[in-house]
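Hi,

Here is the structure I promised to send over. Have a look at it first, and then read my notes below.

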Amino acid sequence: MDADDAGKPEWWLTARRLEADNQLDAAEALIKTSVPNLHFAEVTADLYRMRMNRLKASNDKAGALEAYRKARTFIYFFASMATSGGEGAALSGERDAFMTQLVAEFGADPGE
């Protein structure tokens with residue numbers, strides 16, 4: 001793990017280990033059961049953002065791109081779960097900030 005994991009709960013550390021072992025479905029399921037609200041999607045997006053950075057650093061361009069796409073999918077799903085206009089605006093703002101960070105870390109917006 002890395003500095004981003006300091007002080008995190010055990011379920012997060014387990015999810016990170018599952019991700020590192022390419023057990024992505026298990027990592028996603030663990031996050032969903034451990035975060036019993038719509039923020040599970042945001043946490044899952046962040047897991048894939050970290051995966052993207054790890055794979056990019058190891059020169060796995062295809063893997064990094066796939067992780068980018070998964071992160072994008074989960075953060076857009078997160079924003080789509082708003083139940084009111086005010087919540088929609090707030091979640092969309094979080095989505096946009098996440099996407100700005102994601103694109104910057106990836107190095108460009110690869111599009112669809």
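What follows is a walk through the helix packing and a few residues picked out along the way.

One caution before the details: this is a predicted model.

**H1 against H2**

Let's start at the N-terminal end. Helix H1 covers residues 10–20, and helix H2 covers residues 24–34. How do these two sit against each other? Their axes come within 8 Å and cross at roughly 165 degrees. An angle over 145 degrees counts as roughly antiparallel, so H1 is roughly antiparallel to H2. The crossing is left-handed. On the H1 side the contact is made by Trp 11, Trp 12, Thr 14, Ala 15, Leu 18 and Glu 19, and H2 brings Leu 24, Ala 26, Ala 27, Leu 30, Ile 31 and Ser 34. By class, that contact divides into 9 nonpolar residues, 2 polar and 1 charged.

Leu 18 is a good residue to click on here. It lies in H1 and counts as buried, because its relative accessibility is 16% and the cut-off is under 20%. Leaving out neighbours within four places in sequence, Leu 18 is in contact with Gln 23, Ala 26, Ala 27 and Leu 30. Its C-alpha atom is 9.1 Å from that of Glu 28, which is 10 residues away along the chain.

In the loop between H1 and H2 you will find Asn 22. This residue, just after H1, takes a positive phi of about 60 degrees. With a relative accessible area of 53%, Asn 22 is exposed.

**H1 against H3**

H1 also packs on helix H3, which runs over residues 39–57. The axes of H1 and H3 come within 11 Å and cross at roughly 45 degrees, so H1 is oblique to H3. This crossing is right-handed. Trp 11, Trp 12, Ala 15, Arg 16, Glu 19 and Ala 20 of H1 meet Val 43, Leu 47, Met 50, Arg 51 and Arg 54 of H3. Sorted by class, there are 7 nonpolar residues, no polar ones and 4 charged.

Which residues of H1 are buried? They are Trp 12, Leu 13, Ala 15, Arg 16, Leu 18 and Glu 19. H2 and H3 are among what covers them.

**Glu 28 in H2**

Now for a charged residue in H2: Glu 28. Is Glu 28 buried or exposed? It is buried, with a relative accessible area of 17%. Its side chain makes a polar contact of 2.4 Å with the side chain of Tyr 48. Beyond four places in sequence, Glu 28 touches Thr 44, Tyr 48, Lys 70 and Phe 74.

**H3 against H5**

Next, look at H3 together with helix H5, residues 85–106. Their axes are 10 Å apart and pack at an angle of about 10 degrees. Angles under 35 degrees count as roughly parallel, and H3 and H5 are therefore roughly parallel to each other. From H3, the residues involved are His 39, Glu 42, Ala 45, Asp 46, Arg 49, Met 52, Asn 53 and Lys 56, and they meet Glu 94, Phe 98, Gln 101, Leu 102, Glu 105 and Phe 106 in H5. This contact has 5 nonpolar, 3 polar and 6 charged residues.

Arg 49, in H3, deserves a closer look. Its relative accessible area is 8%, so Arg 49 is buried. The side chain of Arg 49 makes a polar contact with that of Asp 46, at 2.7 Å. Not counting residues up to four places away in sequence, Arg 49 touches Asp 4, Ala 71, Phe 98, Gln 101, Leu 102 and Glu 105.

**One more loop asparagine**

Finally, go to the loop between H3 and helix H4 (61–80), where Asn 59 sits. Phi of Asn 59 is near 70 degrees, a positive value in a residue other than glycine. Asn 59 is exposed, with a relative accessible area of 57%.

Cheers

How values were computed:
Residues are numbered from 1 along each chain as its sequence is written. This is a predicted model: local features need pLDDT of at least 70, side-chain atom pairs count only at pLDDT 80 or more; totals for chains, interfaces and linings use all residues. Side-chain values use heavy atoms; hydrogens and water are left out. Axes are lines fitted to C-alpha atoms, for helices over the stretch in contact, and angles run from 0 to 180 degrees between N-to-C directions. Helices (H or I, at least four residues) and strands (E, at least two) are DSSP runs, numbered from the N terminus. Angles under 35 degrees count as roughly parallel, over 145 as roughly antiparallel, 65 to 115 as roughly perpendicular and the rest as oblique. Contact means heavy atoms within 4.5 Å. Ala, Val, Leu, Ile, Met, Phe, Trp, Tyr, Cys and Pro count as nonpolar, Asp, Glu, Lys and Arg as charged, and the others, Gly among them, as polar. Buried means under 20% relative accessible area, exposed over 50%, partly exposed in between (1.4 Å probe, protein chains only). A polar contact is a pair of N or O atoms within 3.5 Å; within protein, one must be able to donate a hydrogen and the other to accept it, and residues adjacent in sequence count only if both atoms are side-chain atoms. A crossing is left-handed if the near helix is turned anticlockwise from the far one by less than a right angle, and right-handed if clockwise.
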